[in-house]
Amino acid sequence: MQKYECPCGYIYDPEEGDPDNGIAEGTAFEDLPDDWVCPKCQAEKEFFFEAD
């Protein structure tokens, strides 16, 4: 699954999810709730880009 990076440097990895914020392992970026934000800087999903 594709990883996505926030401008602050945080990388969302679908294989890890975001357990601290209730996002299960295996959750694709596209399937994150619309109100999910970067756990590091609170940026909204629209600011993330595909990580290499």
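1. Strands and helices are DSSP runs numbered from the N terminus, with strands (E) of at least two residues and helices (H or I) of at least four. By that convention, Glu16 falls in the loop between β2 and β3. Glu16 is exposed, because its relative accessible area is 53%, where exposed means over 50%, buried under 20% and partly exposed in between (1.4 Å probe, protein chains only). The C-alpha atoms of Glu16 and Thr27 are 8.3 Å apart, with the two positions 11 residues apart in sequence numbering.

2. The model is predicted: local features need pLDDT of at least 70, side-chain atom pairs count only at pLDDT 80 or more, and totals for chains, interfaces and linings use all residues. Residues are numbered from 1 along each chain as its sequence is written, and side-chain values use heavy atoms, with hydrogens and water left out.

3. The strands form an open sheet of 3 strands in the order β2-β1-β3, with antiparallel pairing. Strands β2 and β3 are at the edges with a single partner strand each, so one side of each has no neighbour in the sheet. Pairing requires that DSSP find at least two bridges between two strands; β1 and β3 pair over 2 bridges. Glu5 is opposite Phe49 of β3.

4. Ile11 belongs to strand β2 and is partly exposed, at 40% relative accessibility. Contact means heavy atoms within 4.5 Å. Setting aside residues up to four places away in sequence, Ile11 touches Lys3, Tyr4 and Glu5. Its C-alpha atom is separated by 9.3 Å from that of Glu50, 39 residues apart along the chain.

5. An unreviewed UniProt entry places the feature "binding site" at Cys6, Cys8, Cys38 and Cys41. These cysteines span 36 residues in sequence, but no two of their C-alpha atoms are more than 8.9 Å apart, so they gather at one spot. UniProt positions follow the numbering used here, feature names are shortened, and annotations may be inferred rather than shown by experiment.

6. Which of these sites is buried at 0% relative accessibility? Cys6 is, at that value; Cys6 lies in the loop between β1 (4-5) and β2 (11-12). Beyond residues up to four places away in sequence, Cys6 touches Cys38, Cys41, Ala43, Phe48 and Phe49. Cys41, in the loop between β2 and β3 (49-50), is partly exposed at 38%. Outside its neighbours within four places in sequence, Cys41 contacts Cys6 and Cys8.

7. The largest nonpolar core has 11 residues, among them Cys6, Tyr12, Ile23, Leu32 and Cys38. Such a core is a set of buried Ala, Val, Leu, Ile, Met, Phe, Trp, Tyr and Cys residues joined through side-chain atoms within 4.5 Å.

8. Rings of Phe, Tyr and Trp (its six-membered ring) pair if their centres lie within 6.5 Å; planes under 30 degrees apart count as stacked, over 60 as edge-to-face and the rest as tilted. By this rule there are 7 aromatic pairs. The rings of Tyr12 and Phe29 have centres 6.1 Å apart and planes at 55°, so the pair is tilted. Tyr12 lies in strand β2 and Phe29 in the loop between β2 and β3, so this pair ties together parts 17 residues apart in sequence. The rings of Tyr12 and Trp36, with centres 5.5 Å apart and planes at 65°, are edge-to-face. Both Tyr12 and Trp36 are buried.
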